[in-house]
Amino acid sequence: MYLGGGTNLVDLMKLGVQTPARLVDVSRLPNDGIEELPDGGLCIGGAVRNSDLAASRLVRERYPLLAQALLGGASGQLRNLATVAGNLLQRTRCAYFQDVSKPCNKRSPGSGCPAREGDHRNLAILGHSEACVATHPSDMAVAMAAIGGEVHVLGRAGTRSIPLPGLHRLPGDEPQRDTVLQPGDLITDVELSPLDFATRSRYRKVRDRASFSFAVVSIAAAVDLEGATVRDCRIAFGGVAHAPWRATRAEEALREAPATEQSFAAAADAELAEARPLRDNAFKLPLARNLLVRTLSELCEAA
């Protein structure tokens, strides 16, 4: 396995969740730059530290939602060590996945998913399966899913690009596969799409405590207004699914709609219509709805 900052992998090795036969240190490969692209996008090296990305003037000016997500995602000490590629590839914090004394289909396929009937308060309401209800923990990945772009990968067959969103996969009947990466694949960099209206954007995270904690529900949103009408928007949720959840139904409902709380609420309802909450996490539905309405309302008021 590849080792960058090790902020997730080393913890999982200590717990016995992951036991790689060999570690390959990639932290000193020359993939640690942030480059401005001719079309207005950014190319971010896989080895860029989270703290450096959050502090980048280009990121703060062009994609404030990304800088906010990074600053809300971890303590300063962790941000100084964690890498962009490692952040994208971090594993779920589901308690059953991290406890090797318990069954878990993600850790041991076919052993079962005790979270479905057990402790699932902070687990998925969208896109889950009978095999797994875990959520993806990254804040940065949610912001990147809203922005859009490509993940560049070096593998055994050469280089290729994976759309973003598109790197992460829903569990289906193979929850052990978090992404579409193949064995030996290395993320070299992430290319973010140019998005002029991302200057009017925000990342908001609801968590159980104000200090370092994973999202119960989070949202990354950007909006483009023409007068009092939504011309375009980007929305992604965190804390609700096995992957960063791009809210395409909500986006479609909002295009050419009036920029009102009623429109925002209707868009949220359209996105959440197919949610399948479990016994103890149905509260995430009104929470996600209110989060979308409040965040878009504030963005539009600031226009």
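R246 and E251 are both buried, and their side chains meet in a salt bridge with 2.7 Å from N to O. Keep in mind that this is a predicted model. The pair belongs to a wider network of salt bridges that links D232, R246, E251, E252 and R255. From there, the tour below moves on to another charged pair, a sheet of five strands, and some helices.

**Salt bridges**

- Side chains of opposite charge can pair when their charged atoms come close.
- The count for this model comes to 25 salt bridges.
- Within the network around R246, the side chains of E252 and R255 also meet in a salt bridge, at 3.5 Å from N to O.
- Is E252 buried or exposed? E252 counts as exposed, because its relative accessibility is 54% and the cut-off for exposed is over 50%.
- Its partner R255 is partly exposed, with a relative accessible area of 30%.
- Another salt bridge joins K205 and D139, whose closest N and O atoms are 3.0 Å apart.
- K205 sits in strand β8 (residues 201–206), while D139 lies in the loop between α7 (95–98) and α8 (140–147), so this pair ties together parts that are 66 residues apart in sequence.
- K205 is buried, with a relative accessible area of 16%, and D139 is buried too, with a value of 5%.

**The five-stranded sheet**

- Five strands form an open sheet in the order β3-β4-β7-β5-β6, and their pairing is antiparallel.
- Which strands stand at the edges? They are β3 (34–36) and β6 (158–164); each has a single partner strand, so one side of each is left without a neighbour in the sheet.
- From one strand to the next, the twist averages 20°.
- Strand β7 (residues 186–192) is joined to strand β5 (residues 149–155) by six bridges, and the two run antiparallel.
- Along this pairing, L154 stands opposite L186 of β7, and V151 has V190 of β7 as its bridge partner.
- Strand β4 (residues 42–45) is also antiparallel to β7, and four bridges join them.
- Here G45 stands opposite D189 of β7.
- How many residues of β7 are buried? Six of its seven are, and the strand is mostly covered.

**A largely enclosed helix**

- Helix α4 (residues 64–73) has eight of its ten residues buried, so it is largely enclosed by the rest of the structure.
- The buried residues of α4 are P64, L65, L66, A67, A69, L70, G72 and G73.

**Two helices in contact**

- Two packed helices are described by the angle between their axes and the distance between the axes.
- For helix α10 (residues 261–272) and helix α11 (residues 284–301), the axes come within 9 Å and cross at roughly 140°.
- The crossing of α10 and α11 is right-handed.
- On the α10 side, the contact is made by E261, F264, A265, A268, D269 and L272.
- On the α11 side, the contact is made by L285, A288, R289, L292, V293, L296, S297 and C300.
- An α-helix has 3.6 residues a turn, so residues three or four places apart point the same way.
- What kinds of residues make up the contact of α10 with α11? They divide into ten nonpolar, one polar and three charged.

How values were computed:
Residues numbered from 1 in each chain as written. Predicted model: local features only at pLDDT ≥ 70, side-chain atom pairs only at ≥ 80, totals over all residues. Heavy atoms only, no water. Pairing = 2+ DSSP bridges. Axes fitted to C-alpha atoms, helices over the stretch in contact; angles between N-to-C directions. Salt bridge = Lys/Arg side-chain N within 4 Å of Asp/Glu carboxyl O. Buried < 20%, exposed > 50% of the residue type's maximum accessible area, 1.4 Å probe, protein only. Left-handed = near helix turned anticlockwise from the far one by under 90°. Contact = heavy atoms within 4.5 Å. Nonpolar A, V, L, I, M, F, W, Y, C, P; charged D, E, K, R; others polar.
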